[in-house]
Amino acid sequence: MAQEFTINSSAIEAKINQLLPSQGGQGAGIDFSASTMVILIVDLTESAEGSALRQDLQTALGLNNTAFSLITATTIDLVNTTGFYRVIGSVSAQIENSNQTGGFQVTDGITTTVIYSYTVKLQSSDRGSSIDSYDFVVKLEAGQTLQATSNVNGLRFAGSTRQVADINGNLTAP
């Protein structure tokens, strides 16, 4: 037979008020109770079952990523299939002039939207190099293409893309 007893603990009460702020101040003067009865809790989610990866693992990179490298003053198509894609990599600039721009854009052939932009603006007497990294997720709908673009030879984007979910949001295992 289960036994009921009361727990008086200011540490437990403070922790519950911290973790559950909606309960803070509502339980003044009320103690917590416990029971020796065992209550089983069964997790029926796919993650507990082992048939699905946790969401953070869904974004993992692997051998099947699509690698790209954009070295010259051009625009290249990276992905033109519907879904959600992780784009990760780095941009490096050998500073050749004061107006170097590039980045990533989504286009449907009529409208183009820049989603990541990198610009180097220096005095004409300055020379050198710089490096930066990027990591973002982009959604492509039917007819849309993700492109990488650069306006000069010295601005280089290198990295990879990987589909993390289909167009309906169903996660894709790496």
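Buried means under 20% relative accessible area, and this threshold applies at several stops of the tour below. The model on display is predicted.

**First stop: strand β9**

Select residues 145–150, which form strand β9. Six of the six residues of this strand are buried, so the rest of the structure largely encloses it. Colour the two faces separately. Thr145, Gln147 and Thr149 lie on one side, with Leu146, Ala148 and Ser150 on the other, and all of these residues are buried. Both faces of β9 are therefore covered, each residue falling under the 20% limit.

**Second stop: the partners of β9**

Add strand β4, residues 75–79, to the selection. Strands β4 and β9 run antiparallel and are joined by four bridges. To find the register, centre on isoleucine 76, which stands opposite alanine 148 in β9.

Next select strand β6, residues 100–107. Its pairing with β9 is also described as antiparallel, and it extends over six bridges. Here the residue to label is glycine 102, whose bridge partner in β9 is serine 150.

With β7 displayed as well, the open sheet of four strands can be followed in the order β4-β9-β6-β7, with antiparallel pairing. Which strands form the edges? They are β4 and β7, each of which pairs on one side only. From one strand to the next, the twist averages 20°.

**Third stop: the nonpolar core**

Show the side chains of Phe104, Leu146 and Phe157. Within the largest nonpolar core, which has 22 residues, these three touch the most other members. The elements that give two or more residues to this core are β3 (66–70), β4, β5, β6, β7 (112–120), β8, β9 and β10 (155–165).

Centre on phenylalanine 157, which counts as buried at 0% relative accessibility. Which residues are in contact with phenylalanine 157, leaving aside its neighbours within four places in sequence? The list comprises Phe68, Ser69, Leu70, Ser90, Val91, Gly102, Gly103, Phe104, Tyr116, Tyr118, Tyr134 and Thr149. Glycine 102, already labelled as the bridge partner of serine 150, thus reappears among the contacts of phenylalanine 157.

**Fourth stop: the aromatic pairs**

The structure holds 10 aromatic pairs. Begin with phenylalanine 104 and tyrosine 116: the ring centres are 5.9 Å apart and the planes stand at 55°, so the pair is tilted. Phenylalanine 104 belongs to strand β6 and tyrosine 116 to strand β7, so the pair ties together parts that are 12 residues apart in sequence. Phenylalanine 104 is buried, with a relative accessible area of 0%, and tyrosine 116 also counts as buried, at 16%.

Keep phenylalanine 104 selected and turn to phenylalanine 157. These two residues form an edge-to-face aromatic pair, 5.4 Å centre to centre with 80° between the planes. The pair links distant parts of the chain, with phenylalanine 104 in strand β6 and phenylalanine 157 in strand β10, 53 residues apart.

Finally, select Phe68, Phe104, Tyr116, Tyr134, Phe136 and Phe157 together, as they form one aromatic cluster.

**Fifth stop: the salt bridges**

How many salt bridges does a search of the whole structure find? There are two. For one of them, select aspartate 135 and arginine 86, whose closest N and O atoms are 2.7 Å apart. Aspartate 135 lies in strand β8 (residues 128–140) and arginine 86 in strand β5 (residues 83–95), so this salt bridge ties together parts that are 49 residues apart in sequence.

Is arginine 86 buried or exposed? At 14% relative accessibility, arginine 86 counts as buried, because buried means under 20%. Aspartate 135, at 45%, counts as partly exposed.

Then select lysine 139 and glutamate 141, whose side chains meet in a salt bridge with an N to O distance of 3.3 Å. Lysine 139 is partly exposed, with a relative accessible area of 38%, and glutamate 141 counts as partly exposed at 41%.

How values were computed:
Residues numbered from 1 in each chain as written. Predicted model: local features only at pLDDT ≥ 70, side-chain atom pairs only at ≥ 80, totals over all residues. Heavy atoms only, no water. Salt bridge = Lys/Arg side-chain N within 4 Å of Asp/Glu carboxyl O. Buried < 20%, exposed > 50% of the residue type's maximum accessible area, 1.4 Å probe, protein only. Pairing = 2+ DSSP bridges. Core = buried A, V, L, I, M, F, W, Y, C linked by side-chain atoms within 4.5 Å. Contact = heavy atoms within 4.5 Å. Axes fitted to C-alpha atoms, helices over the stretch in contact; angles between N-to-C directions. Phe/Tyr/Trp six-rings, centres within 6.5 Å; stacked < 30°, edge-to-face > 60°.
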